[in-house]
Amino acid sequence: MRTFLVIIDESDEARAALRYAARRAVQVGGAVHLLALVTQQNFSAFGGVQATIEQEARDRAEMLANGVAGNLLAESGVMPTISVKIGNGPKIVSEFLANHKEVAALVLGAAEGSSPGPLVTHFAANAGSVGCPVYIIPEGYDEKMADHSA
């Protein structure tokens, strides 16, 4: 089964990437895997405080991913798989792809403006070594509108 990996957060570009991946998954009878990233805190002076901050961030990411999953199921009938990981985004995504050969494509949302975001910048520059296609979806992209204009 073709699986589309979407990196999810609260941004408009992540929602555009998710809509794109869901439509592709429906078309090919595939699946969507949501990966929510939590930045590791560099507040090591008080280990308990750091652990609490990271757990709160993880809880927020899980709530976000579960909410997005429910919306995706309601809109497209696709129930995604969800993972939440703590650490460096590009490293986590690369390790995830290396360990999940079922991923047929990495779907990233690009922010408007001169900086598309750190993951887009990283994976666009390293696309030749990712191991699967990288789809970069613009923040305001609406595939339904694009289909009508062609």
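Me: In which helix is the place of Glu13?
Reply: This is a predicted model, where local features need pLDDT of at least 70, side-chain atom pairs count only at pLDDT 80 or more, and totals for chains, interfaces and linings use all residues. Residues are numbered from 1 along each chain as its sequence is written, and side-chain values use heavy atoms, leaving out hydrogens and water. Helices (H or I, at least four residues) and strands (E, at least two) are DSSP runs, numbered from the N terminus. Residues 12–28 make up one helix, and Glu13 has its place there, in α1.

Me: Which side chain of opposite charge is nearest to Glu13?
Reply: Lys and Arg count as positive, Asp and Glu as negative, while His and the chain ends are not counted. Glu13 is buried (under 20% relative accessible area, with a 1.4 Å probe and protein chains only; exposed is over 50%, partly exposed in between). Glu13 has no salt bridge (a side-chain nitrogen of Lys or Arg within 4 Å of a carboxyl oxygen of Asp or Glu). At 7.4 Å away, the nearest side chain of opposite charge is Arg15.

Me: In what order do the elements of the protein run from the N terminus on?
Reply: The protein has five helices and five strands. From the N terminus on, the order is β-α-β-α-β-α-β-α-β-α.

Me: Which element gives the most to the largest nonpolar core?
Reply: A nonpolar core is a set of buried Ala, Val, Leu, Ile, Met, Phe, Trp, Tyr and Cys residues joined through side-chain atoms within 4.5 Å. The largest one has 25 residues, and Val6, Ile8 and Leu18 are among those with the most contacts inside it. At least two residues each come from β1 (3–8), α1, β2 (31–38), α2 (47–76) and β4 (103–110). With eight residues, the element that gives the most to this core is α1.

Me: Which residues of α2 does Leu18 touch?
Reply: Contact means heavy atoms within 4.5 Å. Not counting residues up to four places away in sequence, Leu18 touches Val6, Ile8, Val32 and Leu34, among others. Helix α2 spans 47–76, and the residues touched there are Val68 and Leu72.

Me: How many degrees around the axis do the buried residues of α3 cover?
Reply: In α3 (residues 89–99), Gly89, Ile92, Val93, Phe96 and Leu97 are buried. They lie on the same side of α3 because their arc, taken from the directions from the helix axis to the C-beta atoms, is only 130 degrees.

Me: Which residues are exposed on the other side of α3?
Reply: The cover over the buried residues of α3 includes β1, β2, β3 (81–86), β4 and α4 (118–125). On the other side, the exposed residues are Lys91 and Asn99.
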